[in-house]
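Please work through the two exercises below with the model open beside you, and try each task before reading its solution.

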Amino acid sequence: MPLTFELCPDRMIGGSHPCYIIAEIGQNHQGDIEIAKKMIKMAKDCGADCAKFQKCELEYKFNKKALERSYTSKHSWGKTYGEHKRHLEFSHDQYKELQKYAKEVGIHFTASGTDEVAVEFLHTLNVPFFKVASTDANNFPYLEKTAQKGRPMVVSSGMQSMEAMRRVYQTVKKYNQNFAILQCTSAYPLEAEDVNLRVITEYLKEFPDIPIGYSGHESGISISVAAVALGAKIVERHVTLDKTWKGNDHEASLLPTELAELVRSIRLVERALGSGIKTMLPCEKPCHDKLGKSVVAKVKIPKGTALTLDMLTVKVAEPMGVAAEDIFQLVGLSVLKDVGEDESVTPEVVENYGKNS
């Protein structure tokens, strides 16, 4: 059974606990704190467990040339990449305001700290868990320092190999037992043939003592629901209020109606997954009582006759006889009274039936 742990106060993940659903707001707020608040409320109203953002301290995430390079994309908020990113980056005080608002509406709040200084800030903000973006999954000094802070961690694995993820597991596990790994493909939007959901199954084999999840960038909800059926205990999806807005992530994001349907569908699939124990369920009893087959005499069988297979057949019978699956157990046993042709062979008319089973 995969490890279970408390990801957020009073919210366990892993094992038989419900899938934890993260609404990734990221930077789809357009740099507008009021839009960010609307998205937090939307995530709560749609049934998500967490509203998540992306926090970076630009000079620690990018070098000078990266920030100074020209950025002429239709999604740009400035002439350079640095200007673009500064437009989308909330201040520390704004993050505190968003965290307070999330608490008011009743949804967990966290962010991906995309550099070590951002992680330090999120630590002081007392977020319930750290999200590690795929771009930092192979940043091992970052992983070590983040793991040592003792908060639960959720690590995405886009752009990584299995060998790299083994190193991630070993690195984080050394300092922190409470973490999860998400299958992820870093493409926006993501085509179905590149999702590779079977990696979830491989992660469950490779890392059997931690929860495994899925971070998706595909269109629609079907693939994310399938991830839960395969064993994902966390699902993260980008969300937006308008897919036509400026920004690379909007096209691969879910609208409120889609997020609500994703939550509903995941909860439905969780109910359908059941216990894994195959047995006749109480809800099946009416069908069994009406149409369940049992053993019937193919011919007249006098009292004291030792039964042979050619004397018996299986039919829907009234009253119900010996269960159909037990027909071979009857061979060689004797009947205690006459059984007419086409009559049910009931347990009480067969000597010693069930005593050796």
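The exercises that follow concern a predicted model, and they treat a pair of helices and then a pocket.

**Exercise 1. Describe how helix H10 and helix H11 pack against each other, and name the residues that meet.**

Solution. Begin with the general idea that two packed helices are described by the angle between their axes and the distance between the axes. Here H10, which covers residues 222–229, and H11, which covers residues 256–273, pack at an angle of about 25 degrees, and their axes are 9 Å apart. Next, compare the angle with the cut-off: angles under 35 degrees count as roughly parallel, and H10 and H11 are therefore roughly parallel to each other. The crossing in which H10 passes H11 is right-handed. Finally, look at the residues: from H10, Ser 224, Val 225, Val 228 and Ala 229 meet Leu 262, Ser 265, Ile 266, Val 269, Glu 270 and Leu 273 of H11. Sorted by character, the residues of this contact are seven nonpolar, two polar and one charged.

**Exercise 2. What volume does the largest pocket have, and which residues and elements line it?**

Solution. Start with the space itself, since the largest pocket holds about 730 Å³. Its lining is made up of 35 residues, of which Gln 54, Lys 85, Tyr 188, His 238 and Asp 249 are the closest to the centre. Then turn to the elements: strand S4 (50–55), helix H4 (81–88) and strand S10 (234–238) each give two or more residues to the lining, and H4 provides the largest share, with four residues. As a last step, divide the lining by character, which gives nine nonpolar, 18 polar and eight charged residues.

Terms used
Residues are numbered from 1 along each chain as its sequence is written. This is a predicted model: local features need pLDDT of at least 70, side-chain atom pairs count only at pLDDT 80 or more; totals for chains, interfaces and linings use all residues. Side-chain values use heavy atoms; hydrogens and water are left out. Axes are lines fitted to C-alpha atoms, for helices over the stretch in contact, and angles run from 0 to 180 degrees between N-to-C directions. Angles under 35 degrees count as roughly parallel, over 145 as roughly antiparallel, 65 to 115 as roughly perpendicular and the rest as oblique. A crossing is left-handed if the near helix is turned anticlockwise from the far one by less than a right angle, and right-handed if clockwise. Contact means heavy atoms within 4.5 Å. Ala, Val, Leu, Ile, Met, Phe, Trp, Tyr, Cys and Pro count as nonpolar, Asp, Glu, Lys and Arg as charged, and the others, Gly among them, as polar. On a 1 Å grid over the protein atoms alone, a cavity is a set of points where a 1.4 Å probe fits but cannot get out, and a pocket is an open set with protein on both sides within 12 Å along at least five of seven lines; lining residues have an atom within 4 Å of a point. Grid points are joined across faces, edges and corners, and a volume is the space filled by probe spheres set on the points.
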